Amino acid sequence: MRELEFVSLYDYLGKAAGKTLGGKVLKVAQEKGIKRKVKHISQGGYEGNVMIYPKQFLDWYFTEKKQNA
């Protein structure tokens, strides 16, 4: 079985997601029981923990969002 690739919203989107979008993604992940991890980063003047999600979940989330917009 293939291991899941986990990525942050920043890495996935190529820019900061912000608290509002980050909160929406987290809420859906929690509702769907999606496994999440925390990663400590230090880049671009930011140091702290960020949530990372399975890339497959983010692909689904942002595809659904576009289709239902």
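## Exercises on a predicted model

Serine 8 has a relative accessible area of 9%, so this residue is buried (under 20% relative accessible area with a 1.4 Å probe, protein chains only; exposed is over 50%, partly exposed in between). The structure is a predicted model, where local features need pLDDT of at least 70, side-chain atom pairs count only at pLDDT 80 or more, and totals for chains, interfaces and linings use all residues. Residues are numbered from 1 along each chain as its sequence is written, and side-chain values use heavy atoms, leaving out hydrogens and water.

**Exercise 1.** Place serine 8 in the fold and list its contacts beyond its neighbours within four places in sequence.

*Solution.* Start with the element: serine 8 belongs to strand β1 (strands are DSSP runs of E, at least two residues; helices are runs of H or I, at least four; both are numbered from the N terminus). Next, collect the contacts (heavy atoms within 4.5 Å): Val50, Met51, Ile52 and Leu58. Finally, look at the side chain, which has a polar atom 3.0 Å from the backbone nitrogen of aspartate 11.

**Exercise 2.** Find the residues of the largest nonpolar core and the elements that give two or more residues to this core.

*Solution.* First, apply the criterion: buried Ala, Val, Leu, Ile, Met, Phe, Trp, Tyr and Cys residues joined through side-chain atoms within 4.5 Å. The largest such core has eleven residues: Val7, Leu9, Leu21, Val25, Val28, Ala29, Tyr53, Phe57, Leu58, Tyr61 and Phe62. Then sort by element: α2 (18-32) and α3 (55-67) each give two or more residues to this core. Now zoom in on leucine 9: beyond four places in sequence, its contacts include Val25, Tyr53, Leu58 and Phe62.

**Exercise 3.** Locate each salt bridge in the structure and describe the exposure of the residues involved.

*Solution.* Use the cut-off: a side-chain nitrogen of Lys or Arg within 4 Å of a carboxyl oxygen of Asp or Glu. The search of the whole structure gives two. One joins lysine 27 and glutamate 31, N to O 4.0 Å; both residues lie in α2, four residues apart, about one turn of the helix, and both are exposed. Another pairs aspartate 59 with lysine 55, with the closest N and O atoms 3.2 Å apart; these two sit in α3, also four residues apart. Aspartate 59 is partly exposed because its relative accessibility is 28%, and lysine 55 is partly exposed because its relative accessible area is 31%.

Technical notes: Polar contact = N/O pair within 3.5 Å; in protein donor to acceptor, adjacent residues only side chain to side chain.
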